[in-house]
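The following note is offered to a colleague who is meeting this structure for the first time. Please read the numbered points with the sequence and the model at hand.

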Amino acid sequence: MQVKNKFSMKLMSCSANEGFARACVSAFAAQLDPTIDEISDIKTAVSEAVTNCIVHAYRDAIGIIYITAELLESNSIRIKIKDKGCGIENIEKAMEPLYTSLGGERAGLGFAVMQSFMDNVKVTSQKGKGTTVTMIKNIGCRFRVNVRG
């Protein structure tokens, strides 16, 4: 897939930056003329991925979150959110709905939410080295259903 435009940014893993990351990525995606629902989907998925970095990757420390967004010729956006935190020991288990490594009040739905709002989600991780979440959202893949009664 050919890249038409791209941006990258680095943020500290503090909760104040979650909304900023969400706003930046969705503003960049606006070039594809998405619907309000598509923008909302992107915001939600980015929010979940960044929150995972803050809560899980760096736990009680501050680290760097790396975000890259690319607009593709296919009228899609590819978003990569990467950390250099603790990594995920078992990605398959971590992606199960309701699973959380921290317990307590965490719902364990972050990856499930990302998968439900994006068209493709891929997670790679290495224990002790970090995690990368790559998400793709196809914009404008709308269809009409005509119901005749």
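**Note on strands, patches and salt bridges**

1. Ile 64 belongs to strand 2, which covers residues 64–72. The reader should bear in mind that this is a predicted model. With a relative accessible area of 31%, Ile 64 is partly exposed. Together with Met 12 and Ile 62, Ile 64 makes a nonpolar surface patch of about 270 Å². The value for Ile 64 allows it a place in that patch, because patch residues need over 30% relative accessible area.

2. Strand 2 also takes part in pairing. Strand 2 and strand 3 run antiparallel and are joined by 8 bridges. The two strands form a hairpin with 3 residues between them. In the turn, Asn 75 has a positive phi of about 60°. Leu 72 stands opposite Ser 76, a residue of strand 3.

3. Strand 3 deserves separate attention. It spans residues 76–83, and 6 of its 8 residues are buried, so strand 3 is largely enclosed by the rest of the structure. Strand 3 is also joined to strand 5 by 8 bridges, and this pair runs antiparallel. Within that pairing, Ile 81 has Val 133 of strand 5 as its bridge partner.

4. How many salt bridges are there in the model? The count comes to 4. One of them joins Glu 70 and Arg 78, with the closest N and O atoms 2.6 Å apart. Glu 70 counts as buried at 11% relative accessibility, and Arg 78 is buried too, with a relative accessible area of 18%. Both values fall on the buried side because buried means under 20% relative accessible area. Glu 70 and Arg 78 are further linked with Lys 6 in a network of salt bridges.

5. Another salt bridge connects Lys 137 with Asp 41, where the closest N and O atoms are 2.9 Å apart. Lys 137 lies in strand 5 (residues 130–138) and Asp 41 in helix 2 (residues 36–57), so the pair ties together parts that are 96 residues apart in sequence. Lys 137 is buried, its relative accessible area being 7%. Asp 41 is likewise buried, at 15%.

6. A further salt bridge lies within a helix. The side chains of Glu 18 and Arg 22 meet at 2.6 Å, N to O. Both residues are in helix 1 (residues 16–29), where they stand 4 residues apart, about one turn of the helix. Is Glu 18 buried or exposed? Glu 18 counts as buried, at 15% relative accessibility. Arg 22, at 29% relative accessibility, counts as partly exposed.

7. The last point concerns charge on the surface. Which residues form the positive surface patch? Lys 10, Lys 80, Lys 82, Lys 84 and Lys 122 form it. Lys 10 is placed in strand 1, which runs over residues 3–12. At 60% relative accessibility, Lys 10 counts as exposed, because the term exposed applies over 50%.

Conventions
Residues are numbered from 1 along each chain as its sequence is written. This is a predicted model: local features need pLDDT of at least 70, side-chain atom pairs count only at pLDDT 80 or more; totals for chains, interfaces and linings use all residues. Side-chain values use heavy atoms; hydrogens and water are left out. Patches are made of residues with over 30% relative accessible area and no salt bridge: like charges are joined within 9 Å, nonpolar side chains (Val, Leu, Ile, Met, Phe, Trp, Tyr) within 5 Å. Accessible areas come from the Shrake-Rupley method with a 1.4 Å probe; for residues, only the protein chains shown count as cover. Lys and Arg count as positive and Asp and Glu as negative; His and the chain ends are not counted. The place of a charge is taken as NZ of Lys, CZ of Arg, CG of Asp or CD of Glu. Buried means under 20% relative accessible area, exposed over 50%, partly exposed in between (1.4 Å probe, protein chains only). Two strands pair if DSSP finds at least two bridges between them.
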